[in-house]
Amino acid sequence: MSDIVRRLNVSRRSLSKVVSSKRKLDETRDLSPPRATLSSSSQSKSLGGSPILSRKVQNTTRSPNASHLLDQDNSLFNDHIKDILLQAEETTGQGSDLKENRLQDKETPRKDLFSDDSEDIFANSDDDSLFTTPNIAHMKTPGSGGSKTPQNRIPKIAHSSTPVTITSNSSRTPCRRGSRLQLLSTPSSYCSETSRNRTPGTQKSTKDNNCREGLRSSLPKSGIISPEVPMQKTQNTLGSSGDSQDSQLISSLPLSVLDIRKRVLEEPLTPKPVQKITAGNPEPQFANVNLVSENCDRGPFFGLPDRVRELYRELKGISELFPWQSKCLLSGAVQSKLNLLYSLPTSGGKTLVAEIIMLQELLCYRKNCIFVLPYVSLVQEKIRSLAPFALELGFYLEEYAGSRGRFPPVKRRHKNSLFVCTIEKAHALFNSLVVDNRLDEVGLVVVDEVHMLGEDTRGANLESFLAKLKYLNGTLSTKIQIISMSATVGNLMELSRFLESELYTDSWRPVQLEEFIKVGRDVYSVTPQESEQFRLKRKLDVGNYNQEMIKMDEDYLTNLVLEVFPEHSCLVFCDTKKRCENVAEMICKIIFRQLELANKVCNHKREERKQLCRSLLQDGAGYMCQILRRTLEFGVAYHHSGLTMDERKVLEEGFLSGCIGVLCCTSTLAAGVNLPARRVIIRSPFMGRNQLSHTQYKQMTGRAGRAGLDTKGESFLMVKPNQVQLVTDVVTSPVEHCISSLHKSGSLGLATLVLNCMYLGLITTPQVAKEIVEQTLLRIQADKLSVNLENELTASFDLLFNNNLITTVDESLATQQRIHMSTQIKPTRLGRAAIQGNINLSLSGKLYSDLKDARPRLAVDTCLHILYLLTPYDLAESIYYTASVYHRVYLSLSPPDLEVARFLGITENIIVGLVTGRGFPKALKPVLSRFYLSLALLDLWNTVPIHTVAEKFSISRGEVQNLMSSAASFSSSVLHFCLEIEEFWAYQELLEPFTKRLAHCCSPELLPLLDLPGVRAGRAKLLLQAGYSTLGCIAKAEPGDLVRGIPNLSHKAAKLIVQSAKLQLIEKAEGLHDEADIVLLEIA
């Protein structure tokens, strides 16, 4: 690194030559002479297998004047670059000595951080203190209380001097232009950024013909590589003869100016013989010599290196694809890089296909990808599962959910990024890329659960995002590919038309599904294809039930469960959260009353269940739900939004491992994490107050059957005799259609789309707005919905004008009652702030007024006032309080907090009136609700445990945690809102530290550790206590060290934590190097 800093001290004459050749340098900014190579030893010592942290520079030549100092007028720039590179050197040094430290660890074994006499959560107690002799009413309370990671195998890279010729094979069909079969065969470091971003097969300019020669040497169907003729060095033929002087100038520049790093999977290998594709050997369908390994692996796994196949086998246990997956990946749409919409039943393996296509885009086409998921939990799960792939294959993995995400994203020069986003964050990310004119960096957008277009609120946001993407795609030289996944809906053709996609459908399931209806003791089989759709199959045997058990379980639910449990797993879907808890306890009571069965159930995986309880205690800071404490002994648990995310994650892992056999849950589980079971029981045809829809029914029954473990899956819908008429609507009715929601809520969704496009500069007149609306799903469904688009568009403009979100460019026209289709329109300052902060348009005016009113008397001696402003408006409408609890909390407030309450109009008189039932002004009702939640946030801010806050404010633990995460997300939105309004400059400084800390509400020293997947506050404290205070400490550790030092940490979780720490350090170090390179190139 010091050598690079010294090379920055070039002479003024060299710098002037650089400036004079700026145009030449811009065209070849990504070209690099072969002056740096990776030695095998340095590569093996790199952090996580990436060469960025240990590079060996060889055969370097310095400029003749490189030893001179810059003149005084260049000293400021020189100091700035030195600071950047020295910071990069420090970061790189933090990780480059990992191998050395590991060798020292081998020589001096690390002592256990928890000695034998350390206090454990179950110390000084009997081993069976958690699970005693079965007694559901009286259970004892618990007392107080690895192997090495395999080396990452990054393909070893070596330059070759042997040219290549293409020989034709007339028996094969020529590859289509722009096909995914024509993958890059020349390392991107030899080609300009323009050529890297083009679709393989497109024409290049004559000037770069020699540089692009490798693109024409890919492996189309019509040709194979002949090993007899050696490959020519591309870098020796760059440019024309007239460019020789500039080429010499470029080669004399400091190494940090040029891209001399040999990136993971970016360098060519010595050509080796390729097996000729014959009829008996059809693989590979894809071929990409740019992604190869040392053993002549030319992308046999759908154009990807064989290491990808190995990773899926090692990490996910996938040894081969399902037939439909292979067929879909070999379809014309995927190979020709066209838009694709594919639909299969739940648990069909849709996500795996999308992952492979994203890896093709990242590694073969070298462009960024945006992966859109509906829920934060799914985003976090996908980040955890893809982290090992990112570390091994050399791409960045960035999370955009909750408070996380940077707008615009960091510009990468050498690697590509996979952005995993929620719907709202994907929309904001897309806007930031358009504003910065960086949309060409994205090559692929993948949307999971695209049928959510039919949801009332989030559906409009998703439709706006896709409509803008379609509109802008028409302006790009290389279109962004859209891959969409959907559950079975009734209007797939309409969705395909809206998305301009090819359609692929299949009814394939990994295991056979048998559906049954239970009425009383009668069990009917469901055969929708036959004329007699419901046939009596059998009667339940309830001989083991006595009168007491019948009274507790009059529907014989436990009998259905015990037909498969404990040998197999079972999901029981209930209509309410409270019912989940009651049913879990009821099942345990029925089992307890059968002694022989109780012994069998309680002894099944007893030790694993103890470990599960310890994990719950650890994540809950010593707290564990009493219902779970009783039911987990029997392998039964409940799962709903009232639990914290940590508790739900532990229970999900326990269910997947088999130590939990019965999970009583709500319908949200079916739409979230995939938890397959042998049997699914739907306890009622209602979910809450609403009748079960056919789509919900299919989602739930889709969880039945575990691929590779079961030969079949079973689903049971339980109905009472007076509910039989509902069965046909739920089970055999036609699949619901996906309907646009842009026109709902007074055209609020359509108004948001118009304002978004106006903010991005896409709309300047109502006439242009009409053209963009033509790209929406609403336009396709307008006739069916009897919607007049012109009237809806007029209503949306009225809403924007009335809320002061847009105005006319000519101020003299602002007072007119009517505007014309050609009238020039622009967003107001408030409108820009609403889009920048992703604020609901109906709330933007309210937020502006609250911030403006609070500014003159903002209380800075307490955090309560700021927390009130950051409390989401929508949560105040969904969480209720009791007067007695409110009164008790109010009386405990400190004097500064009472001043904030009085400023908001909440006085002692109002609280007394609330308790006595005297009432209060109606306008004060939302303020009271929002202030109540801000008081809960204040306790969380002061690091009070979640379960303590939940008990104090009489709300569930899950709602408390949701309040915390929602406030963090809203804080980020408010901060970006204030950045657009100059008068709120003070809020810009105050809100920045709130955003990150609100997401976890813990002490500042824990915040770096909480960025790691799977690390929550409880585990972060244990890591800190064990001496792992930074990401560098964790990255240097072996997974076995973490397992021995951290209680109740599995080897799999420890390996993921170490890999994630390495990945983040690599991203940080490479980001600093990229920043230095970009600055050098800009001044040149």
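Two strands are taken as paired if DSSP finds at least two bridges between them. In this predicted model, strand β6 (residues 368–372) is joined by five bridges to strand β9 (residues 442–447), and the two run parallel. Within this pairing, Val372 of β6 has Val447 as its bridge partner in β9. A parallel pairing also links β6 to strand β8 (residues 417–421), here over four bridges. In that pairing, Cys369 stands opposite Leu418 of β8.

The surroundings of β6 were examined next. Five of the five residues of β6 are buried, so the strand is largely enclosed by the rest of the structure. Burial extends to both faces of β6: Asn368, Ile370 and Val372 are buried on one side, and Cys369 and Phe371 are buried on the other.

Attention then turned to the second largest pocket, which holds about 1600 Å³ of space. Its lining comprises 40 residues, of which Gly405, Arg406, Lys996, Asp1011 and Gln1064 are the closest to the centre of the pocket. Two or more lining residues are contributed by each of the helices and strands α5 (75–96), α13 (376–393), β7 (396–400), α40 (957–979), α41 (985–998), α43 (1031–1036) and α45 (1051–1083). Helix α45 supplies the largest share of the lining, with eight residues. By residue class, the lining of the second largest pocket consists of 16 nonpolar, 14 polar and ten charged residues.

Key: Residues are numbered from 1 along each chain as its sequence is written. This is a predicted model: local features need pLDDT of at least 70, side-chain atom pairs count only at pLDDT 80 or more; totals for chains, interfaces and linings use all residues. Side-chain values use heavy atoms; hydrogens and water are left out. On a 1 Å grid over the protein atoms alone, a cavity is a set of points where a 1.4 Å probe fits but cannot get out, and a pocket is an open set with protein on both sides within 12 Å along at least five of seven lines; lining residues have an atom within 4 Å of a point. Grid points are joined across faces, edges and corners, and a volume is the space filled by probe spheres set on the points. Ala, Val, Leu, Ile, Met, Phe, Trp, Tyr, Cys and Pro count as nonpolar, Asp, Glu, Lys and Arg as charged, and the others, Gly among them, as polar. Buried means under 20% relative accessible area, exposed over 50%, partly exposed in between (1.4 Å probe, protein chains only).
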